[in-house]
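Welcome! Here is a short tour for anyone meeting this protein for the first time.

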Amino acid sequence: MDRLDNTIRPYAWGSPTAIPHLLGTEPTGEPQAEMWMGAHPGAPSRTGRGTLVEVIDADPESELGPAAVAKFGPRLPFLLKILAAGAPLSLQVHPDLEQAKEGYADEERRGIPVDAPHRNYKDANHKPELICALTEFDGLCGFRAPLEAAGLLDDLGVDSLKPYVDLLHAHPEDAALREVLTAILTADPEEMSRTVADAATACTRLGGAYAPYADIAHHYPGDPGVIAAMLLNHVRLQPGEALYLGAGVPHAYLNGLGVEIMANSDNVLRCGLTPKHVDVPELLRIVRFRPSDPGVLRPEASPDGEELYETPIDEFRLSRYVLPEGGSAHDLTRATPQILLCTAGSVRAGEHDLTPGRSVFVPAGEKAEVSGTGTLFRATVVA
């Protein structure tokens with residue numbers, strides 16, 4: 001079992017205080033957006049045996065287990081994060097596995113450098129993800145029903161939004177959503193900037209359900225993503241609740257602290273709320289234009305105390321243990337690799353004492369007994 005030393009990424013949208021508060025450290029004054037736990041080559045966790053990439057590369061079957069290697073190859077197939085949003089992230093969508101393979105192969109054939117700002121596919125993998133709230137957590141997830149979105153836009157009283165309102169009344173619903181998102185993202189930038197400014201003023205005046213969009217517009221003035229965001233469901237998670245984001249589902253995180261787990265991929269198609277490249281034709285190929293409920297997840301408890309967040313994919317499996325004072329120890333030994341993360345209290349994992357924000361890597365089959373008083377998240381795979 002290896003204690004992990006993890007990198008904190010200073011993305012501009014990050015909260016300057018949330019991760020330091022969790023870790024019990026002093027804020028630096030700079031944004032601290034994500035703490036990465038895993039073997040992603042961009043920022044692998046460090047252990048006493050080298051980086052987690054080096055540890056796994058040296059003996060994949062020993063570290064990951066034969067079943068995981070046979071199913072996913074000689075790499076850790078998930079990335080675990082603590083995410084601290086102090087401002088809205090970009091409005092985005094991820095491809096499914098077939099789309100990722102096609103897109104990556106196409107950009108490789110065209111010789112687009114992997115670090116080029118207009119490159120969409122950094123790898124040939126999909127990127128399903130799960131966010132579990134540690135604090136109250138705001139996000140956008142999936143399309144509203146078109147008529148609901150039309151009503152939200154219409155009540156702003158902004159004349160330049162009327163064409164979008166009319167489009168949203170068309171049938172079928174998927175075609176209506178496709179047409180209005182296309183129209184928003186391809187509108188004249190100067191005209192759209194004025195529309196967003198007028199909409200932001202109205203959102204600020206109306207408050208209530210419009211308050212999240214007023215805040216988004218404050219951070220991204222003039223960005224067409226402000227209007228696109230109003231097509232999506234707004235959801236507020238309470239601590240312990242989660243969202244699963246599958247392929248093709250547009251989403252954005254707005255504010256709060258959470259534990260995030262995802263397949264080990266960097267593939268993101270952006271819809272707005274960003275100065276980065278927005279590839280509208282490719283985006284429209286990937287987005288699934290279906291109204292949907294956000295589908296807030298609550299963990300399912302088992303008799304041994306494990307609370308599992310059910311998802312339909314195998315690259316990751318996230319659960320938690322809420323360990324009461326004076327409770328018995330739990331044997332978490334498993335034939336697949338694990339990362340154990342403490343988010344509250346004090347937990348002993350093997351020979352390691354974990355306080356909030358501290359984590360360990362457990363190789364496949366390694367004895368993993370935990371005890372103490374607090375909350376422990378367990379990340380592994382289904383193999």
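What follows is a briefing that goes from the whole chain down to single residues.

The model shown is a predicted one. The protein has 383 residues, and its chain forms 12 helices and 21 strands. Residues 3–144 carry a domain label that comes from a UniProt record.

**The whole protein**

- The radius of gyration is 22 Å, which agrees with the value near 21 Å that a compact globule of 383 residues would have.
- Along the principal axes, the C-alpha atoms fill a box of roughly 65 × 50 × 40 Å.
- Buried residues account for 55% of the 383 residues.
- Among contacts with a separation of 6 or more, 75% are between residues 24 or more positions apart.
- The accessible surface comes to about 15800 Å², and carbon and sulfur atoms hold 51% of that surface.
- There are 32 positive and 54 negative charges, and the mean positions of these two sets are 2 Å apart.

**The annotated domain**

- An unreviewed UniProt entry places the feature "domain: Phosphomannose isomerase type I catalytic" at residues 3–144.
- Over residues 3–144, the chain is 27% helix and 25% strand.
- The C-alpha atoms at the two ends of residues 3–144 are 43 Å apart.

**Helix α10 and its cover**

- Which residues of helix α10 (residues 211–219) are buried? They are P212, Y213, A214, I216 and A217.
- An α-helix has 3.6 residues a turn, so residues three or four places apart point the same way.
- Helices that help to cover the buried residues of α10 include α6 (146–154), α9 (189–206) and α11 (225–229).
- Strands also take part in covering the buried residues of α10, among them β9 (137–143), β10 (232–237) and β12 (251–263).

**Two buried strand residues**

- G256 lies in strand β12, and this glycine is buried, with a relative accessible area of 11%.
- Leaving out residues up to four places away in sequence, G256 touches L83, A84, A85, T135, E136 and F137.
- G256 and E300 are 44 residues apart in sequence, and their C-alpha atoms are 23 Å apart in space.
- L80 belongs to strand β6 (residues 78–85). Is L80 buried or exposed? L80 counts as buried because its relative accessibility is 0%, where the cut-off for buried is under 20%.
- Beyond residues up to four places away in sequence, the contacts of L80 include M35, W36 and M37, as well as V259, E260 and I261. L80 also touches L318, I339, L341 and A379.
- The C-alpha atoms of L80 and E129 are separated by 9.8 Å, and these two residues are 49 apart along the chain.

**Two loop residues with contrasting exposure**

- L4 sits in the loop between β1 (2–3) and β2 (7–9), and at 8% relative accessibility L4 counts as buried.
- With residues up to four places away in sequence set aside, L4 touches S45, R46 and T47, along with I339, S359, V360 and F361.
- L4 and G38 are 34 residues apart along the chain, with 8.7 Å between their C-alpha atoms.
- G24 is in the loop between α1 (18–23) and β3 (34–38). G24 is exposed, with a relative accessible area of 68%.
- How many residues separate G24 and P356 in sequence? They are 332 residues apart in sequence, and 8.0 Å apart in space from C-alpha to C-alpha.

**Backbone features to look for**

- Most residues other than glycine have a negative phi, and most peptide bonds are trans.
- A cis peptide bond, with omega of about 0°, joins H171 and P172.
- P172 is in the loop between α7 (162–168) and α8 (173–185).
- L273 has a positive phi, near 60°, and is a residue other than glycine.
- Where is L273? L273 is in the loop between β13 (269–272) and α12 (280–286).
- L273 counts as buried, at 1% relative accessibility.

How values were computed: Residues are numbered from 1 along each chain as its sequence is written. This is a predicted model: local features need pLDDT of at least 70, side-chain atom pairs count only at pLDDT 80 or more; totals for chains, interfaces and linings use all residues. Side-chain values use heavy atoms; hydrogens and water are left out. Helices (H or I, at least four residues) and strands (E, at least two) are DSSP runs, numbered from the N terminus. The radius of gyration is taken over C-alpha atoms; the globule rule is 2.2 Å times the number of residues to the power 0.38. Buried means under 20% relative accessible area, exposed over 50%, partly exposed in between (1.4 Å probe, protein chains only). Contact means heavy atoms within 4.5 Å. Accessible areas come from the Shrake-Rupley method with a 1.4 Å probe; for residues, only the protein chains shown count as cover. Lys and Arg count as positive and Asp and Glu as negative; His and the chain ends are not counted. The place of a charge is taken as NZ of Lys, CZ of Arg, CG of Asp or CD of Glu. UniProt positions are given in the numbering used here, feature names are shortened, and annotations may be inferred rather than shown by experiment.
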